[in-house]
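Biologist: Please take a close look at one part of this model, the aromatic rings and the charged side chains placed over them. I would like the geometry spelled out together with the criteria behind each term.

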Amino acid sequence: MSPNARFRTALHTGEQLVGCFIKTPHPTVIEVLGDTELDFLVLDGEHSPFDKASINTCMLAAKAVGKPILIRVPDDNPAFILNVLDCGAAGVVVPHVVSVEQAERLARSMRYVPGGRGIAGTTRAGGYGAKPLPQHRADADAEVSLICQIEDREGVENAGAIAAVDGVDALFVGRADLTVSYGLTDFNDAGVAEKAADVLGVKGAATGLFVSPAEDMGSWRDKGASFYLSGSDHSLLFAGAKTLAARKPD
């Protein structure tokens, strides 16, 4: 079973998974973090300077270390989703999913169905032509995951229905944008936690959220979470710098 297929299986079975956002578009970051016990990595194409070329290079590094890599895409554009899946991504995290109709369009864009993902075997995902197209198509169905980010008031209201859409594998709670959407100022506001818990408790798809490195994941697990994104390559580097600075002699 491929790393991407193992990730999707683990997501569906509710295995507790921990990943990390990647903000630096360089393959060395993937090589280093790919050699850790993290279950998956997410290239942040929404808030970091990833383009198609840097995603492709980082995906090559991911293949070398055997680590599943998701891409947080900038928006729900099916052309961009097609490109990163062809590069070999384990799936996509799509920001600001707010409706069943949007989730259905996204699910279709992930699959080789009428009106969905365009098929080409001459890609990394297709083994550069080495796989017969029927096998490539079957592998894609087993290997790619759609994670819808719930970070708006409307998305919270429709979370249960979005999770029930065929082809939606997971919901990811974006607490920072939820804070803004509800007119609040504190990421740790009890109201934000309550809305996050509402999403984490839905049925039909796995659920997860971003947690700070020092945050207790157990409390969110009890509310239904099964996967977590904790920190980023930037924050890990920062933590290392702080540790080094703390050792400086008086």
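Which residue lies over the face of Phe21, and at what distance from the ring centre?

Modeller: Lys23 is the residue over the face of Phe21, 5.3 Å from the ring centre, where a charge is taken to sit over a ring if NZ of Lys or CZ of Arg is within 6 Å of the ring centre and within 35 degrees of the ring normal. This is a predicted model, in which local features need pLDDT of at least 70 and side-chain atom pairs count only at pLDDT 80 or more, while totals for chains, interfaces and linings use all residues. Residues are numbered from 1 along each chain as its sequence is written, and side-chain values use heavy atoms, with hydrogens and water left out.

To place Phe21 among the other rings, the pairing rule comes first: rings of Phe, Tyr and Trp (its six-membered ring) pair if their centres lie within 6.5 Å, and planes under 30 degrees apart count as stacked, over 60 as edge-to-face and the rest as tilted. By this rule there are four aromatic pairs. One of them joins Phe7 and Phe40, whose ring centres are 5.1 Å apart and whose planes meet at 55°, so this pair is tilted. The pair connects distant parts of the chain, with Phe7 in helix α1 (residues 3-12) and Phe40 in strand β2 (residues 40-44), 33 residues apart; helices (H or I, at least four residues) and strands (E, at least two) are DSSP runs numbered from the N terminus. Phe7 counts as buried at 3% relative accessibility, and Phe40 is buried with a relative accessible area of 1%, where buried means under 20% relative accessible area, exposed over 50% and partly exposed in between (1.4 Å probe, protein chains only).

Phe21 itself pairs with Phe172 in an edge-to-face arrangement, 6.4 Å from centre to centre with 80° between the planes. This pair, too, links distant parts of the chain, since Phe21 belongs to strand β1 (residues 17-22) and Phe172 to strand β6 (residues 170-173), 151 residues apart. Phe21 is buried, with a relative accessible area of 5%, and Phe172 counts as buried at 2% relative accessibility. Ring pairs extend from these two residues, linking Phe21, Phe172, Phe210 and Phe227 into a cluster; the ring that carries Lys23 over its face, Phe21, is thus a member of that cluster. A further charge of this kind is Lys223, which lies over the face of Trp220 at 5.7 Å from the ring centre.
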